[in-house]
Structures are given as C-alpha cells and as structure tokens.
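Dear colleague,

I am passing on to you the structure below, together with some notes on what was found in it. Please read the notes with the structure open beside them.

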Amino acid sequence: MGKSDLLRVGDVRDAYRLIGECRDLGGEPALWQMRILEGLGQLVGAAAGAGGEGIWARPVHPVHPFSAFDTGFDARGQDRLRAYRREIGPAGDPIFRALRDVPGAVATRSRSQLVSNTEWYRSVSFNDYRKLCGVDHCLTSVCRLSDHGAVSVITGHRRIGEREFSPREARLLEFFHIELRPLIGRQLVSATEPSPGTLSRRLRQTLACLVEGDSEKQVAVRLGISATTVHQYVTDLYRRFRVQSRSQLLAHVLRRSPRADWAQSLSTTPPERPWGST
C-alpha cells in the first residue's frame, strides 16, 4: 500500500463531520440517507450517489431493498434508476452478484475490483441503465447491520469518462460506513428496524405496558400470562430492537413514536401504523 493510499487527517475529519450532520437528521431516514449521498461529493469525489437499506443475508439469500434514495442524477437518469430498480434491481447487477461473496461485515469495492471491463461493458446493467444515466465507475459499500441480514448500501458514481475511484477513496468510504454502522437503528432511524406493524400482538402489548411503566410481573397480571412468558417477550424485544436494557428499549421506541400511540396497542386490535405517523 503506497503513501497516497493512506487516509489523511482531513479525510477522517470530513467523515466525522458528515456523520455528525447525519445524526442531526437522524429522526427521519429519508433526510439522513440523502445527506450521506450528497456528502459523497466532498468525501470521495462522487458526482452522484444512490443507496438505501434492505435485507441481504450474504452470500446465500438475494437482496430485498426496503428503501432507495439517490442524488445527482438528472430527470432522465432518475427515470432509468427507477426502471433499474423495477426491472433488474441488485439481483440482476453483476456488481452486487460479485459483492455477495465478499466476506466481512462491511464490504467496500470499486467496480473494477468486482467486475472486469469486458463483462461490465457488455452487461445489461451498464448498457441499459448506467450508461443512460450518464455514469460509469462506481464505488459500492455494503454494511451488515444485524444478524438477521439488515444492510445499509452506499454507492458513489462518477460520470462517463471520469477516472475510477482510488484505493484511498475506497478506504475512506469503508471507514465512514464502519463508523456510521453503530448509529443506524439507534440515533439514526432505520427502515429495517421493527415498527408496531411488524411486531406480533403480544409483543406490541408487552411493549405498551413497559412504556406505561409496568414491571414484568405487572405486565403478566395485566395481560393474563405467566411472568416467564413476559420475560421471553421482553428478551425478544431487546433482540429485535438491538438493545441491552429496558432503559435503552424505552428510549429507542419513544424517540420514534409518541407514548400515547403505544397505549392503543393494549386494545384487542392494535393499530398498524408506521413510526411517527399521525
């Protein structure tokens, strides 16, 4: 590794500055995700960016996108991006097929590290979509967020004719993603995290009781179930929300949904609403 490939003090400073800006927008996934993509220009010299979250238990299972964002594309490029997501998506993209087998919780690679020029310039992904978006070289980072396959994906794009991304730029994007990773699903609301609509009725009711201040024994009496069962539910809630204590759990859910909303979960038919909806 040459000296020019090493991260510089300014690189690290820029990465942490962008992370701080994302934290300020953490309550709304669309805002902090877009801030990342906009920040790729300064961070790694990307002309455009795309990314989002999904479920991807590499290397066995296909990727299932939950959210998708982009910036830096003109109207025609945005139209082709929508067609790409609708018609082939990551599953039909040679870059993502190659990333599937890259080990590690965070995998960051340039296109040329994953796909040969011959394969790339003959691919449907390039000729029918990327080329018509006006982009060619790209740098993609996939970050595993949970043992259940939740992932964050960030891709920086360069215009056709521009140079490919350097090893230092790849290292910087990977550093950024590694440092961002612990915040996603905590300070940064994640599209893949559990919401009231994705929890079972009993888990919603248990969580609602905890939000109202009940102990596990009080929850058991209130719901007419055993204390052992309640403890199992609470343990499952910790696992699903990736927290280690009751205080972390309550802080997590109350940042995303008002306390009054959870009281409705004690009804026979709990409301099926996303975080923060009104």
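For the helix pair that comes first, please keep in mind that angles of 65 to 115 degrees between axes count as roughly perpendicular. The model is a predicted one, and what follows should be read with that in view.

Helix H9 (residues 201–211) and helix H12 (residues 246–256) pack at an angle of about 100°, and their axes lie 10 Å apart. H9 and H12 are therefore roughly perpendicular to each other. On the H9 side the contact is made by Leu207, Leu210 and Val211, while H12 contributes Arg246, Leu249, Leu250, Val253 and Leu254. Sorted by class, the residues in the contact of H9 with H12 are seven nonpolar, no polar and one charged.

Turning to the sheet, there are five strands in an open arrangement, in the order E2-E1-E5-E4-E3 and with antiparallel pairing. Strand E2 (64–71) and strand E3 (106–110) are the edge strands, each of which pairs on one side only. On average, and with direction ignored, neighbouring strands of this sheet are turned by 15° against each other.

At the E2 edge, strand E1 (residues 48–55) and E2 pair in the antiparallel sense over seven bridges, and Gly52 stands opposite Ala68 in E2. H2 packs on the sheet, where it touches E1, E2 and E5, and the direction of H2 makes about 55° with that of E2.

At the other edge, E3 and E4 pair in the antiparallel sense over five bridges, with Ser110 standing opposite Leu139 in E4. Although E3 is an edge strand, E3 is mostly covered, in that four of its five residues are buried. H8 lies across E3, E4 and E5, and runs at about 155° to E3.

Which residues touch the most other members of the largest nonpolar core? They are Val44, Phe176 and Leu180, in a core of 28 residues. Helix H1 (9–24), helix H2 (29–44), strand E4 (135–144), strand E5 (150–159) and helix H8 (167–180) each supply at least two residues of this core. Leu180 touches Ile19, Trp32, Ile36 and Leu188, if residues up to four places away in sequence are not counted.

In looking over the model, you may wish to begin with H2 and H8, since both come up twice above: H2 packs on the sheet and H8 lies across E3, E4 and E5, and each of the two helices supplies at least two residues of the largest nonpolar core.

With best regards

Methods:
Residues are numbered from 1 along each chain as its sequence is written. This is a predicted model: local features need pLDDT of at least 70, side-chain atom pairs count only at pLDDT 80 or more; totals for chains, interfaces and linings use all residues. Side-chain values use heavy atoms; hydrogens and water are left out. A nonpolar core is a set of buried Ala, Val, Leu, Ile, Met, Phe, Trp, Tyr and Cys residues joined through side-chain atoms within 4.5 Å. Buried means under 20% relative accessible area, exposed over 50%, partly exposed in between (1.4 Å probe, protein chains only). Contact means heavy atoms within 4.5 Å. Two strands pair if DSSP finds at least two bridges between them. Axes are lines fitted to C-alpha atoms, for helices over the stretch in contact, and angles run from 0 to 180 degrees between N-to-C directions. Angles under 35 degrees count as roughly parallel, over 145 as roughly antiparallel, 65 to 115 as roughly perpendicular and the rest as oblique. Ala, Val, Leu, Ile, Met, Phe, Trp, Tyr, Cys and Pro count as nonpolar, Asp, Glu, Lys and Arg as charged, and the others, Gly among them, as polar.
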